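Work through the exercises below with the sequence and the structure open beside you. Try each task before reading its solution.

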Amino acid sequence: MLSIKNLNVMVENKLILKDFNLSVAAGEVHAIMGPNGSGKSTLAHVLAGKEGYEVISGEINYCGENLLALSTEQRAQKGVFLAMQYPVELPGVNNMMFIRESLNAISRARGEEEYDAVRFMKLIREKAAAVELDNKLLKRNVNSGFSGGEKKRNEILQMAILQPQLCILDETDSGLDIDALRVVAKGVNDLRNKDRAMIVVTHYQRLLNYIEPDYVHVMIDGRIAASGDKNLALELEEKGYNWLIEETAA
Amino acid sequence: MGSKHQSVETLIKSDYKYGFVTDIDSDTLPPGLSESIIQQISAKKNEPAWMLEWRLKAYQRWLSMEDPEWAHIQHPEIDFQAISYYSAPRQKSATAKSLDEIDPELLATYTKLGIPLEEQMVLAGVAVDAVFDSVSVATTFRKELAAAGVIFCSISDAIQDYPELIQKYLGSVVPYSDNFFACLNAAVFTDGTFVYIPKGVRCPMELSTYFRINEANTGQFERTLIVADEGSYVSYLEGCTAPMRDENQLHAAVVELVALKDARIKYSTIQNWYPGNEEGKGGIYNFVTKRGACRGDRSHISWTQVETGSAITWKYPSCILHGDDSVGEFYSVAVTRGKQQADTGTKMLHLGRNTKSTIVSKGISAGHGQNTYRGLVRMAQRAENARNHSQCDSLLIGDQCGAHTFPYIEVRNPTARVEHEATTSKISEDQLFYCKQRGISEEDAVSMIVNGFCKEVFKELPMEFAVEAQKLLGVTLEGAVG
């Protein structure tokens, strides 16, 4: 589904991703771990098409298409979803209206029927219950005055409604207490199926107790320094990142 | 990062849809202002002597006044001798009263503007007075309104047909000597709308006036007077557009509202005069005096304005709350982009007891736009238990624009209460990214955020126009995003 080859990305004249390679097939869950500043969030942002990241060389193929040639909204319409590390507030924009706008923009782009109010209400109530998001938060403005946990649950709610092909979770676990973590993980696990791929960016092994990955990659200084299965995450938990950093430097 | 700024910048450029010129034979006075010009205007309109006297008195006073400089706006000095003060499309007959007698070119112009004058085509339940340059060319539904006792006609007709009402109320809220532009208007006003709602009548339909400037080098000086007698209700809306021209054109209007005991007037404006091009060339100078007097107890005046056009907007729709328990409201959305400048706000003068006022001002600045809120809330000595709440919010799009807030508060009664809140926010790249990541285009994202910001004001507009206003704001702020 996704194939990244020799990707080099600069941010503010500094090379962040260096000859980065990754292949993700449908049905797989990949965890990306690594210390701060190793390029994990940059990777997530480049995949989603955020501005301010300069791709120097390399390619990204997504479902047979050149992902880098697509605009941010086209990527979203074709099924790329990024659950943000810091979801922004949209003052004055009603959460429910926003999610419906998003769903319908994607439906329109795919030539599918738009959701009318009744059909949409049914859908959002069902999905909100699944992520234990209070209905009153649906009536508020997008993320306005939401707690950290509520913002993350709102991200998972949108993911559940939009049913993307490729889900990227950028440190969705950061700042969550154990209950919120459980709810978020459940939301993610409910979405796992053979047609959908997931990239879970995380700093801690903790999340992986709830979302069991097929592969674990460790990013050090802009490239993958080690790959393995979930046991690699456990090893990291025990030994920290330093042994890998030393190995990479050597 | 240069590319970032461009993406926001392209959003705020868009074409002005109403910039066409109607090719029509017109009767235009030569440029310049003098007693003789004023006499000619008055003669063309076949006015009674008292009207001409009032004009000349205003003119004499105006000569002694100075162009005000206190507003937060900049423009080259206006040459008042270079403007033509009267221009009227030539009608087949001087007294065209039925639509059949109106030049088809004119009817076509209004249809093109989305304001068809043929009664079977107009928005259901909205009567229109169409003012083209200096004269009113058509007023719809007059007969139906007359059946309810409502007078809705051009002010020129009213001067002929209802002189007692005009003499009683004209200049009673905005005296001819009020300020530089109001004084100029009193001297040279050419047309406008007159509305009178009799005692206890709820006006059966929305009334509206559509102002169109067409001729080059002319100014438009219209005067609107609305009188709501005891216990009556009226909702009135005005809209305005003008062709795209490189020269600046002056629009100096006066609007007076009078609400007697228990009467209510709801006055809405959607102002979309030509704003000039991106470099600030051309556009309308919109210097307008609007004021309402809540004369009777429990009277209620509410101003709602959506200001998207004009190179310069200078207007402060105000309420004088004489009557006890009277209510004044001001809801405003002002958008400036390109090189537009707006200095707008309101005055709430609380004279009566238990008077209440609400101010909600939403300023949106994009491009190099400068947006100023200027407001005065005055609680007079007699204004026991008077209340005011003001909310002034500014939204910035891009980093080349500016927002300014000048609230003036004067309280002379210790039981009066005044509250003022203000915020400034910015549409950030992160907000746009968030929306785009959810499949929403940048244009739709900006329009969604801006409409959310203006929601409180839009809900005050009559329903048909709230939809129009949202669309207009969309057109104003969206552009050719590639």
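Helices are DSSP runs of type H or I with at least four residues, numbered from the N terminus. The model used here is predicted.

**Exercise 1. A pair within one helix**

Task: Find the element that holds both Lys186(A) and Asp190(A), and state how they pair.

Solution.
Step 1. Locate both residues: Lys186(A) and Asp190(A) belong to helix 7 of chain A, which covers residues 178-191.
Step 2. Look at their spacing, which is 4 residues, or about one turn of the helix.
Step 3. Apply the cut-off: a salt bridge needs a side-chain nitrogen of Lys or Arg within 4 Å of a carboxyl oxygen of Asp or Glu. For Lys186(A) and Asp190(A) the closest N and O atoms are 3.1 Å apart, and the pair forms a salt bridge.
Step 4. Check the surroundings of Lys186(A): its relative accessible area is 39%, so this residue is partly exposed.

**Exercise 2. A pair between two strands**

Task: Which strands hold Arg374(B) and Asp343(B), and how far apart in sequence are the parts they tie together?

Solution.
Step 1. Confirm the salt bridge between Arg374(B) and Asp343(B), where the closest N and O atoms are 2.8 Å apart.
Step 2. Assign the elements: Arg374(B) is in strand 20 (residues 370-379) of chain B, and Asp343(B) is in strand 18 (residues 341-350) of chain B. The pair therefore ties together parts 31 residues apart in sequence.
Step 3. Classify each partner, remembering that buried means under 20% relative accessible area. Arg374(B) has 10% relative accessibility, so it counts as buried. Asp343(B) has 0% relative accessibility, so it counts as buried too.

**Exercise 3. A pair between a loop and a helix**

Task: State where Glu89(A) and Lys151(A) lie, and decide whether Lys151(A) is buried or exposed.

Solution.
Step 1. Recall the general idea: side chains of opposite charge can pair when their charged atoms come close.
Step 2. Check the distance: Glu89(A) and Lys151(A) form a salt bridge, with the closest N and O atoms 3.8 Å apart.
Step 3. Place the partners. Glu89(A) is in the loop between strand 6 (80-83) and strand 7 (90-94) of chain A, while Lys151(A) is in helix 6 (residues 148-162) of chain A. They are 62 residues apart, and the pair links distant parts of the chain.
Step 4. Classify them. Glu89(A) has 34% relative accessibility, so it counts as partly exposed. Lys151(A) has a relative accessible area of 18%, so it is buried.
Step 5. Put the three pairs in context: over all chains the count comes to 32 salt bridges.

**Exercise 4. The interface**

Task: Describe the contact between chain B and chain A, starting from how many residues each chain gives.

Solution.
Step 1. Count the residues: chain B gives 20 and chain A gives 35.
Step 2. Take the area. About 2,300 Å² is buried between chain B and chain A, and carbon and sulfur atoms give 63% of this. Phe433(B), Tyr434(B) and Arg438(B) supply 34% of the area that chain B buries against chain A, more than any other three residues.
Step 3. Count the polar links: the interface has 14 residue pairs in polar contact.
Step 4. Ask which elements take part. On the side of chain B that touches chain A, helix 1 (2-11), helix 9 (429-437) and helix 10 (442-458) of chain B give two or more residues each. Helix 9 of chain B gives the largest share, 7 residues.
Step 5. Sort the residues on this side of chain B by type: 7 are nonpolar, 7 polar and 6 charged.
Step 6. Find the salt bridges, of which the interface has 3. One of them joins Glu155(A) and Arg438(B), whose closest N and O atoms are 3.0 Å apart.

**Exercise 5. The cores**

Task: Which residues touch the most other members of the largest nonpolar core?

Solution.
Step 1. The largest nonpolar core has 98 residues, and Phe98(A) and Ile199(A) touch the most other members.
Step 2. Ask which element gives the most to this core: helix 10 of chain B does, with 9 residues.
Step 3. Look around Ile199(A). Beyond its neighbours within four places in sequence, its contacts include Leu2(A), Leu22(A), Val24(A) and His30(A).
Step 4. Note a second, separate core of 53 residues, with Ile41(B), Tyr169(B), Cys183(B) and Ala311(B) among them.

Conventions: Residues are numbered from 1 along each chain as its sequence is written. Chains are lettered from A and ligands numbered from 1 in the order in which they are written. This is a predicted model: local features need pLDDT of at least 70, side-chain atom pairs count only at pLDDT 80 or more; totals for chains, interfaces and linings use all residues. Side-chain values use heavy atoms; hydrogens and water are left out. Contact means heavy atoms within 4.5 Å. Buried area is the accessible area (1.4 Å probe) that two parts lose on being put together, summed over both. A polar contact is a pair of N or O atoms within 3.5 Å; within protein, one must be able to donate a hydrogen and the other to accept it, and residues adjacent in sequence count only if both atoms are side-chain atoms. Ala, Val, Leu, Ile, Met, Phe, Trp, Tyr, Cys and Pro count as nonpolar, Asp, Glu, Lys and Arg as charged, and the others, Gly among them, as polar. A nonpolar core is a set of buried Ala, Val, Leu, Ile, Met, Phe, Trp, Tyr and Cys residues joined through side-chain atoms within 4.5 Å. Buried means under 20% relative accessible area, exposed over 50%, partly exposed in between (1.4 Å probe, protein chains only).
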